[in-house]
Amino acid sequence: MKTVPVRAFSASLTALSLALAAPAYAQQSSPDSSTTDTKTDDFHSADEIVVTAPYVERLDLLSGTSAVTGDILAEKTRAQLGDILASLPGVSATSFSPGASRPVLRGYQGNRVAVLTDGIGNIDASNTSADHAVTIDTLTVERIEVLRGPAVLLFGGQAVGGAVNALDKRIPRAVPDEPVHVDALVAYGSAARDYSGGASVDVPVSDRIVVHVDGSYRNTNDTRTGGYIFAPSLRTELLDFAAEEASEGHFEEATEAQERADQRGRIPNSAVKTWTAAGGIAFIDDGGNLGLSYSIYDTNYGIPARPGAEHAHTGEEIVEGEVPVTIGMRQYRADFRGEANLGDGLFDKLRLRAGYADYTHTEFEGSEIGTVFISQGIEGRAELIQNDRNGWRGASGVQYQTRDFEAIGAEAFVPPNKTRQYGLFSLQEYTTGNLDAEVAVRFDSVELRADTLGLARSFQNVSAALGVGYHIGDLKIGANVSRTGRAPAVEELFSNGPHIATQAYELGDPNLKSERAWNGELYARYDAPGAALSATLYTNRFDSFIYEAETGAVEDNLPVFAYFQKDAVVWGVEFQGSKRLASFGDMNLSVDGVADYTRSKISSGGGNVPRIPPLRLLGGAELSGGQIDLRSEVEWSDAQTKTAAFETPTAGFTLVNASATWRPFGRDQNVAIIASANNIFDVTARRSASFTKDFVPLSGRDFRVTARVSF
């Protein structure tokens, strides 16, 4: 990998001095025990305010929120963000490989889901292709939130599916009471022989200045799966090929194909090695705060090969002994956050947030460099937060993003390109009695250029949202409606070439229009001592929906995946609930459940939208107390047969998991030992949202031990 360029670091400092940023306006959540952990330590508050907008006093109108933190986050830690969140309502994962898995929200992935670090974009390339890893350190992150509903349009018109925000501590938010504060986590997982650990240290150097350092390391072997590695359709292809070769007297080739079809155990070329390092400093007093951080994210991971795929540059068929494709990625990132208290006038606070990232991603074919992706990006936001005046409050701001992207190599499927985007937004809320009302509006202007092709496109979109909610005791019912607009991404417009990591020939359409959608939502939320329930029915009606689908054509010996644009209709339901059944001294017995379903169709007989998750049900029972928590859960996923053309169906599966958490010094002392068994019956499971589902199944039986401390 490369060293930090002086030019890039200088540019980052310049960018930080000019760019402004702020966290997006979100809601306060009432978490249930199945998704959150509310324990405190002497430095980090258990306040369940959604941290993307800590100034919000109470706002749960236009979006629902789930959060993962504490011991639950520690137990679920995996190499990639998507695999951590997949048990939340309405959430699945791309599961391209153990080293690259992005969240899927309400069936949406890629550019329709905003993945954020502390309220601003992650500034990586994970939204451009499913094989690209998310550059969020899952071992040192403090909290991960999933924000849903129309209000997330304040992250941009692209966030129709929702947004995921990972909160880290790299720019400290508070001054520790003790001379040194340490948070640490170590874990081992058997399925991939996964050794991982991370730690952070916060040191107050005065009563107003805090210094932070953190780092992490993860090293996994190839992941073991429960049954055949290849799905039935691929096994049939290999067995037919073996029979054909045998009939022609090619017995060595026939034997190789037969052995490949019968392959079980570890998924070849699925190992991951990742390390991170970061440091930050913050000045904090009653007038506000100001802080900077710098971080490095480095990962190397394998891309499992589809049998029968062929190298685009050689035309050489892959049956056995193919050249493995691996990805080496490094991101250097600088961040800035500032806040100024403005007093008792119209505005309460000015919040600033900015980030700069220098990103390099190399796709190796064996030891040879195939394609190198280079990206430099800046994102900044500034927000003015209004004081609450007789039930009226809100926030307004400006956002700026820029990215220079280049792919170098024989398989550079996108040309060098530049993206420039700015947005203006405002969110206003009014509460009177039991009634809440909220209005949000956003304007985005986007310019996309591919100078080597002589192509440039510009788009302007206005997005708006309106919602009302009414409280009836512990019950709240409400409705939301929004109109959103999303400009096409560079990859959707300008892709044209072989991409060896995805094993596809990717073809964009430079004539794509902005994608616009009407979005509606009805919800009911009940929150009372000992019980919580939320249910949501949503629909999205798209004008000029952009999607990528296999065409059936072959180019450079690779299947062609092209971007199309047609109207589409999406609807779905989400349910989440928990209930305390009984108490035994300091022990509580509770049950919880999650259900979600999404249906997505192209209008006018266009068929199904590709890679949509099926009906999923998850139920759990938990016995929790001061020192010990015991939990068991069952997740059932239906078969997905409502597939697009050339997309294979996905078989249903049932996973059974169990975990035990021991806190030797009590719940409030922040020392926990967690033992878990996942996929206890070693079943073969595949996510329908994954491009690689037919040859990259989920992990088989996995025993994990995790230790988490904070002092």
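These are my notebook entries on how the strands pair in this predicted model.

Entry: the open sheet. I looked up the strand order and found 5 strands in an open sheet, arranged S1-S6-S7-S4-S5. The pairing in this sheet is mixed. I then checked which strands sit at the edges: they are S1 (65-69) and S5 (120-121), and each of them pairs on one side only.

Entry: S1 against S6. I followed edge strand S1 to its partner. S1 pairs with S6 (residues 143-147) in the antiparallel sense, over 5 bridges. To fix the register I noted one position: Val 68 stands opposite Ile 144 in S6.

Entry: S8 against S9. I moved on to S8 (residues 181-189) and S9 (residues 194-204), which run antiparallel and are joined by 9 bridges. For the register here I wrote down Leu 185, which stands opposite Gly 198 in S9. The two strands form a hairpin, with 4 residues between them. I looked at the backbone in that turn and noted that Arg 193 has a positive phi of about 50 degrees.

Entry: S9 against S10. I asked how many bridges pair S9 with S10. There are 10 bridges between S9 and S10 (residues 209-220), and the sense is antiparallel. My register note for this pair is Gly 197, which stands opposite Tyr 217 in S10. The connection from S9 to S10 is a hairpin through 4 residues.

Entry: a reminder to myself. Strands of a sheet pair through backbone hydrogen bonds, in parallel or antiparallel fashion.

How values were computed: Residues numbered from 1 in each chain as written. Predicted model: local features only at pLDDT ≥ 70, side-chain atom pairs only at ≥ 80, totals over all residues. Heavy atoms only, no water. Pairing = 2+ DSSP bridges.
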